[in-house]
Amino acid sequence: MEVKIKQLVEIVGILAVVLSLLFVGSELRLSRSVAESESVSQRVDLAMNMAQQIATNSEIWVRGCMGDELTPSEAVVFSNVAFSVVSYEFYRWNRANIGLTDAPIQNGPIVIARSFYNFPGFYDELSKDMPT
């Protein structure tokens, strides 16, 4: 009789461990789902902010990207918009690196490199803070 009770206790213990592992797995899945949802929301916010800044300051953005002369106040606006663009692309690249998306990891740096090549003013603005 004592052996059967011991076996029953062991079975109950094993069952408790299995159930707790299943619970932890479901909590991790739920946590990842919430993180992905928040990440998408943040990406949309960044994209909307970037698009709004470019639309609001389109003339300054185009002139700045082409390397035209900007007034000091226009240079501040251009700098802020350029930072917004880089932040958005870095966010996309970082998201791919941590596995939250299936997008190619190199996409963000390629966009920035292409922008540097195509828009000398964009390169000049962002290279101000780069170490030489």
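This is a tour of one predicted protein model, moving from the whole chain to a nonpolar patch and then to a small group of charged side chains.

Before selecting anything, note that the model is predicted, so that local features need pLDDT of at least 70 and side-chain atom pairs count only at pLDDT 80 or more, while totals for chains, interfaces and linings use all residues. Residues are numbered from 1 along each chain as its sequence is written, and side-chain values use heavy atoms, with hydrogens and water left out.

**Stop one: the whole chain.** Show the protein chain as a cartoon, where you will find five helices and zero strands, running α-α-α-α-α from the N terminus on; helices (H or I, at least four residues) and strands (E, at least two) are DSSP runs, numbered from the N terminus. Of the 132 residues, 20% count as buried, a term that means under 20% relative accessible area, with exposed meaning over 50% and partly exposed in between (1.4 Å probe, protein chains only). Switching to a surface view, the accessible surface comes to about 9,600 Å², of which 64% belongs to carbon and sulfur atoms; such areas come from the Shrake-Rupley method with a 1.4 Å probe, and for residues only the protein chains shown count as cover.

**Stop two: a patch on the surface.** Select Ile14, Leu15, Val18, Leu19 and Leu22, which make a nonpolar surface patch of about 490 Å². Patches are made of residues with over 30% relative accessible area and no salt bridge, like charges being joined within 9 Å and nonpolar side chains (Val, Leu, Ile, Met, Phe, Trp, Tyr) within 5 Å. Of these residues, Leu15 is found in helix α1 (residues 2-56).

**Stop three: the charged side chains.** Now select Glu59 and Arg63, whose side chains meet in a salt bridge (3.8 Å, N to O), that is, a side-chain nitrogen of Lys or Arg within 4 Å of a carboxyl oxygen of Asp or Glu. Because they are four residues apart in helix α2 (residues 58-65), Arg63 and Glu59 are separated by about one helical turn. Glu59 counts as exposed, because its relative accessibility is 56%.

Add Glu74, in helix α3 (residues 72-97), which forms a salt bridge with Arg63, the closest N and O atoms being 3.0 Å apart. This pair links distant parts of the chain, with Glu74 in helix α3 and Arg63 in helix α2, eleven residues apart. Glu74 counts as buried, because its relative accessibility is 16%. Salt bridges that share partners thus join Glu59, Arg63 and Glu74 into one network.
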